[in-house]
Structure formats: C-alpha cells, structure tokens
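Got the viewer open? Let's take a short walk through the model, one selection at a time.

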Amino acid sequence: MLKNRVAITGMGIISSIGTTVEANLHALLNSKKGIAPIVNIDTRHKNEIKVGEILQTNAELAKSLHLNENHNYSRTALLGCIAAQQAVKHANIDTIDAFRTGLISATSVGGMDLTEKHFQNYNEESRKLINSHHAVDSTEKIAALLGITDFTSTISTACSSAANAIMLGARLIKSGQLDRVIVGGTDGLAKFTINGFKTLMILSDTDCTPFDANRKGLNLGEAAAYLVLESDAVVKQDNKTVLGYLAGYGNANDAFHQTASSENGEGAFLAMSKALKVAELNPEDINYINAHGTATPNNDLSEGKAIKRIYGDSVPDFSSTKAFTGHTLAAAGAIEAVYSILALQNNVMFPNLNFKTAIPELSMVPITEVTKKPLNYVLSNSFGFGGNCSTLIFSKN
Amino acid sequence: MKPCYINSAVSISAQDTLDNSSFLENTISFERKLAKAIHPNYRSFISPIASRRMATGVKMGIAAAKKALALAELETPDAIITGTGIGCIEDSEKFLNAILDNDEEFLTPTSFIQSTHNTVGAQIALTLKCKGYNVTYVQGAASFESAVLDGQLLLHENEAKTVLVGGTDELGKYLINDIILAEAAKKQPITTPFGEGAHFFSLSQSKQNNSFAAIKGLKIFNKTTPETIKTKVEDFLKEYALTTEDIDAIVLGKNGDAFDELYQTLQDSSFKSTPQLHYKHLCGEFFTASAFGFWTATNIIKQNHIPEVLKLNTINKSSYKNILLYNQLKGHQHSFTLLTSC
C-alpha cells in the first residue's frame, strides 16, 4: 500500500449536464446528454456546431455568487468559484486554514471571453478587466472566495491541465508539503476557442461519437470541477468520509507534434504505464477506463492504440463521457475525475453515447449502456495539445 | 524537501545577459516604458524555417533552454517544467485580431495552435524529443517559482535525476499598451518599465562537478500583509534552521508601486544590516521577471560578487553563501526562494 495516501473527501462540479454532483450523476445514469446548439455566444458558426454549454448566463452565475453588478469575473472564474465552493462544502470544511491548505487550479482559456469583447477598443472603464485575462485570475478569485492564503498555483497544459493540477496536489500531500489541497480546473466557452478548433477542422456538426469508426470530431464544452484532497492524518483527525483515493498518476510528453497525437500513442502509453507503476498495480487491476475519447479521428485512434499496447486484446471496459459534456478543455481532467469517483462509489460505468461501429484498426467496443459491476480501480486519461499526456488512477480503498 | 543543485543558468533579457562574459557590468537604463529583450542570433539554436513561424517567447525559450542544457552538458533532461504569466500573447493577439477583423471568417490555425500557454514547454520537448514529465505553470508572478518547486519536488521524490526549469514571457504588441494605460491610471503605479525575457536552469538531484549553487527552499503563498511579512519570512528561514542574520543578501522584486511597502518593511526591519538588491529596473516588470532575479542570485553565489547596479544599500559581505529572494505582484503571488552555495 502507498505511504501517505491521498484521500478525496469532497467534489464540486458545474457542467452542461448539471450544476451539482448529484445532477451530473443523474444525467449520466439516464443517458441525458448536454450537447445542443450554442445559446450564450453569438458566433457565425452557431448553425455548424453543437456544444456542451452551461445554460446560465454570466449574470445568473454572478448572482448565485452574490457578486455586485460591476464585477470583473470572467466566465471561467464564475464557473470555477461555483464548483470549488461546492467541493469545500461537500468536504465539510469549516475552517479552511485549520490545516495547511493549498489550491491548484487549471485553465486554458482564462478570461478570454472578456478580452475578446474589449481587445480592440479598451477604454478607461473596460481596462479594469485586463487583469481578468490572465490565467492566474480565476485561481486568485477562487482562493479569495475560499479564504486560501497558503500555496496557490495554476496549471495550463491545454486539455490535460486539470489532471496535472490533481497530480501536483497529490504529490504535495504525499511529500508532506501540504495537508489538504483543492484541485481541479475551469474553462468557459469563448469565441476564441470555438474559432480555434474550427480552423483545425475538428469540430463536429452533430453530437460527437467517441471511438466510432465514422466520428467527425469533437463538441466543445464548458465546465468546472474541483476535488478536495486530504492526507491520511487529516482524514483521521477530522473523522472524514472518504469518497475514494487517488492511487496513481503519470505524466509524459508525446514529443511528436504541437497538436496531433503520435500514431502509436506513445505519450498516452507512457502516461498510463507510469500511473500504473505509481499505483503499484498491474494493468488487469483496472476495472474501467474513462478514456479521453474526444471523438476526433486522431485522438481516438491514437488513444485506442496506446490502450492496446498495454492490454493487447484484453482491453478493460471503457467509455468516453465527452458525448455527455463535450470536451471541456482544461477542466476535462477534473470533470472526469468526478465521474471516475462517482463510478467507484456507485459501482457503475457510464455509457459512451452515440457509438455504432468500432474503429476497424482497433476493434474496440466501449460500454454503451449504463452498466453495473463492482469497481475497485478506475483509470482516467487526459491528453492535450503540445503532447501533454496525463493519466490518473482512482481507487475505492 | 531535499535541496537540489543548479548546474547552469541562462538569461535572455533586456540586458546583454545571454553572453555570460560579463555580469551586469555595462547595463542599459530605460527611459521608455518598454524593456524589450536583446535577441541572440537564433540561427545557432533553431532552424530558420522553424524560427520563422515562432513567436518571440517561443524563440527566446528554446534558445535559453538549449543553452542551459549545453552549459550543463546535459542532452535530454528527465523533465521539462516551464512557467509563463502572460503565455503566448503574440499569437493570441494575432488570432484575436483575425477573429475580430474578419468576423470569424478566413481564419488559419497556426496562431491558434501556438497560442496555448504550454507552447514553449511543448516546443522544447519536441525539439529535444523529450518524452518525460512536462508541465506549464501560469501562476502570474509565481509562474517561474511554481516550475522550480515542481522540479525540486520531482528530484526529491526520485521521479527525476535532472530537470530543466524556466520562465518565459513576451511583451506582445497590443494588450501591453492597455496594460500600461491601466497601470498609469493607478495612484502609485509601477515605475519600472515593462519587460520580457526567458530564463532557464538545469537542476540535478545530486551535486555534480559543474554545480555552483543549490536551491534550499522555496515557498509560494497567496496572501500576506506588511504586518505579517516579517513573521512569514522568519518562519520560512526557521524551516531551514536559519535566521535573518544568516542571509548574505536579499534580492527584492521592487517595481516602484504601492506594494513595494512589503519589501520596504523587510528592508527596514529583519534585513536592515543585510545587503539589499533589486533588479526590475534592469529587466523590467513581467510575470517571470523573478527568474531574472534568480539568475542574478545564482551568479552572485558563483562569482562571490554583487554588481553595483543591483545595490539598494552600501552593505557588503565578504562572501555570499545564502541568498534570499522575495517577489510578489500587487500583493499577490508571493514567493520566497532560498539559494545557497554548494
């Protein structure tokens, strides 16, 4: 068993399938997807894309945080604050600084939703929003809301960001640097990212179909999710209810291309292998894989090959939940960490929606129905631009 | 955490720092609001074809990273960890302008691809074919320190034997003008120019022949006040069995704004009799400017000498063994870094 285990004692989430952990679980168990035409952003591409959008407007989100009207919160910060607050409440934390408590948050888009509105015509008033552009801004706002004065950091490794935030949090607890860390990620939808992915021609105009032979690309999404990680000592002292443990983690770089994954999924293979090693597990100990599975032609083939390099023909049950939420970029690793814990808690695997035909090169068929089975270990993948590949392994005990 | 060792230190900044032959002897002073980096001939680091598509920060980052590895005689590190506050602002601006100018039409992906904050770290990994641990930190003025802390942690955990850490930030062309205007509207604004640069360092778990300094401790914290900063620094030093008297020089991230009060409090109390240094008048203020301070401190230890241009007081020491750095931005993103001779 690992020394200095890392317990998960709280979770918070806001995504296109629900604004609480319970609502997300309910949607997952009832195959209720959050993918639809875009509402809150006026974009030229609105008829050509479908997204995983949170329907509340910024004004509604700000109201739920009791902010006054002339606040300088980006959508990323609003979502992050809501999810992080839930996580801390869920973990029954009254006095945040009763232990050495840190915050590690992830974002890729930061305050781009504000910047893209004002960039070419800042005035005296709107210049006050420039600071909200920076990636650190949402982290600062979450730290202020939660009263965290100690270690605070922000990670941006594109779509693997939140997985790396969770990983650093675990390492800081294991090495005794911190007793408790709130970890996760947040990204709001922005014209910037919609247009970016559009130019790469990897946005699907239909509901995305992860691991399907005829997949057309991804649906972008927006979300935030945070976990509370606590040391064994804190769990013992405060008699905490443990939702699950972070058993292993691995980070590697594909070193192949700025945006494309290598054909044999080298980075993904290395990240999964490292995570298994850290968790001191054999590949067959994993009961379920929550795959990255973005539904782009490149990712799913590359990730599938990496999984096959580890498992050969005995691939464990797997699915991608991206067809529920869309690809929530820097938040994805945290969203799927919450889903992995929910899977462990409820001994259930969530369906890979919209799947019809296996990719010929892989012949891998994901779980397509809500499926019950005893789960002890769940592996979750997150890969990003820049070859950044990360894997987390969650355990029940 | 166990200390780790510094085997090379490379700076590309607004001063002539890449060529290490002199240590801040003939420095430039800035009349204007911008302190742009002095660029090397990138041909010695990057192929001209690749270089043409690269933004300033990426070019500076790759060049500084490659030189840091060459000086440390290290081919491929076990991990690459980078920090950047503003990220790839040049390409972000390019893509934003393209979206806004053409109402979301006729866009090409290149600037979007290169706009993500992890571009520098990724490009270094790609150039070196380095498949090891790779993370990018974007914690404002503590971005570089976050990278160093992660590096020290990897070495401490025995997850790596060698780590390349660095910080890069580029000025960009547009947002910076509004940042300057927004700053100027403040009651006590930043008085140093705004700058840019890339700083890379090769770290190792064990002491090598070429090790010239060690990172003993590093603390990042989110909030403090002039009332508590003194206790905070003393508590930090206590963790390493040191007192303020053991510190041979303190390197401060002063930039002239109202939050310099935090530095001044330390200058007037615990470190009254300590050589006090500043550096942002030389490199400008930017999110990873503290990496210039870090580079300065490693050179002071290596050469046992403080260039005049850094001095805030007239106190000297016969040797510089323990150097403490303190940096923050607008009362946020605080960091203490403790460097020692080895």
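**Stop one: where the chains meet**

This is a predicted model, and the tour begins at the interface: 53 residues of chain B are in contact with 50 residues of chain A. To see what builds chain B's side, select these elements of chain B, each of which gives two or more residues to the side touching chain A:

- helix 3 (89–101), helix 4 (110–113) and helix 5 (119–128)
- strand 4 (133–137), then helix 6 (143–156) and helix 7 (175–184)
- strand 8 (213–221) and strand 12 (332–340)

Now color that side of chain B by residue class: you should find 26 nonpolar, 18 polar and 9 charged residues.

**Stop two: an annotated stretch**

Next, select residues 42–165 of chain B, which an unreviewed UniProt entry annotates as "domain: Beta-ketoacyl synthase-like N-terminal". Put a distance label between the C-alpha atoms at the two ends of 42–165 and it should read 20 Å. Switch to cartoon view, and the span comes out as 51% helix and 11% strand.

**Stop three: the whole of chain B**

Zoom out to all of chain B, where there are 11 helices and 12 strands. Chain B has a radius of gyration of 19 Å, close to the 20 Å from the globule rule for 342 residues, so it is as compact as a globular protein of that length. Line the view up with the principal axes, and the C-alpha atoms of chain B fill a box of roughly 60 × 50 × 35 Å.

Last, color chain B by burial: 57% of its 342 residues are buried. Try a contact map of chain B too; among contacts with a separation of 6 or more, 81% join residues 24 or more positions apart.

How values were computed: Residues are numbered from 1 along each chain as its sequence is written. Chains are lettered from A and ligands numbered from 1 in the order in which they are written. This is a predicted model: local features need pLDDT of at least 70, side-chain atom pairs count only at pLDDT 80 or more; totals for chains, interfaces and linings use all residues. Two residues are in contact if their C-beta atoms, placed from the backbone, lie within 7 Å. Helices (H or I, at least four residues) and strands (E, at least two) are DSSP runs, numbered from the N terminus. Ala, Val, Leu, Ile, Met, Phe, Trp, Tyr, Cys and Pro count as nonpolar, Asp, Glu, Lys and Arg as charged, and the others, Gly among them, as polar. UniProt positions are given in the numbering used here, feature names are shortened, and annotations may be inferred rather than shown by experiment. The radius of gyration is taken over C-alpha atoms; the globule rule is 2.2 Å times the number of residues to the power 0.38. A residue is buried if 20 or more other C-beta atoms lie within 10 Å of its own, exposed if 12 or fewer, and partly exposed in between; C-beta atoms are placed from the backbone.
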